[in-house]
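Thanks for coming. I have one structure to show today, and I will go from the overall fold to the aromatic side chains. Here it is.

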Amino acid sequence: MRLQQGARERLPDDVKTVVARAFDEGAVAQRAEVAQLSSTLQAELEKKGMTFNAAETQSFRDLLNKAGFYKEWREKLGAEGWTLLEKQVGKLG
């Protein structure tokens, strides 16, 4: 079901908070489920003889840093957003 345009703005603040929290929790749960499914599938394929190569990411990150990519996105996301991102992926640029 889709809300009519402007309907979200008419919701009481407490309802907006509950809905936002539910969306956030759902997104986190979905990511965890996808990660588990990927891990399970990889294990099954390795048992059947498939080999997976782990990518070396530091040289790629170094190039992104040199090109100003991280600086640009740090400005777009702001301090709080950037901190949350680095909490998930590790220190960037």
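Read along the sequence, the pattern is α-α-α-α. That is four helices and zero strands in the protein chain. Please keep in mind that this is a predicted model.

On overall dimensions: the C-alpha trace spans about 55 × 40 × 20 Å along its principal axes. The radius of gyration is 20 Å, where a compact globule of 93 residues would have one near 12 Å. As for burial, 5% of the 93 residues count as buried. The chain exposes about 8,500 Å², and carbon and sulfur atoms supply 57% of that area.

Now the aromatic side chains. A pair of aromatic rings is described by two things, the distance of the centres and the angle of the planes. How many aromatic pairs does the count come to? The count comes to three. One of them is Phe69 with Trp73, at 6.4 Å centre to centre and with 45 degrees between the planes, a tilted pair. Where do these two residues sit relative to each other? Both are in helix α4, residues 69–89, and because they are four residues apart there, about one helical turn separates them. Neither ring is hidden away in the burial classes: Phe69 is partly exposed at 36% relative accessible area, and Trp73 is partly exposed at 34%.

Another pair is Tyr70 with Trp82, which is edge-to-face, with 6.2 Å between the centres and 65 degrees between the planes. Are its members buried or exposed? Tyr70 is buried, with a relative accessible area of 5%, and Trp82 is buried as well, at 6%. Taken together, Phe69, Tyr70, Trp73 and Trp82 form one aromatic cluster.

Staying with Trp73, there is also a charge to mention. The charged end of Lys76 sits over the Trp73 ring, 4.5 Å from the ring centre.

Last, the surface. Which residues make the nonpolar surface patch of about 390 Å²? They are Phe69, Trp73, Leu77, Leu85 and Val89. Phe69 and Trp73 therefore appear both in this patch and in the tilted pair within helix α4. Leu85 is placed in helix α4 too, and with a relative accessible area of 30% Leu85 is partly exposed.

To recap: Trp73 pairs with Phe69, has the charged end of Lys76 over its ring, and contributes to the nonpolar patch. Tyr70 and Trp82, in the cluster with them, are the buried residues of the edge-to-face pair. That is all I have.

Technical notes: Residues numbered from 1 in each chain as written. Predicted model: local features only at pLDDT ≥ 70, side-chain atom pairs only at ≥ 80, totals over all residues. Heavy atoms only, no water. Phe/Tyr/Trp six-rings, centres within 6.5 Å; stacked < 30°, edge-to-face > 60°. Buried < 20%, exposed > 50% of the residue type's maximum accessible area, 1.4 Å probe, protein only. Lys NZ or Arg CZ within 6 Å of the ring centre and 35° of its normal. Patch = residues over 30% accessible without salt bridge, like charges linked within 9 Å, V, L, I, M, F, W, Y side chains within 5 Å. Areas by Shrake-Rupley, 256 points an atom, 1.4 Å probe, with all protein chains shown as cover. Salt bridge = Lys/Arg side-chain N within 4 Å of Asp/Glu carboxyl O. Rg over C-alpha atoms; globule rule 2.2 N^0.38 Å.
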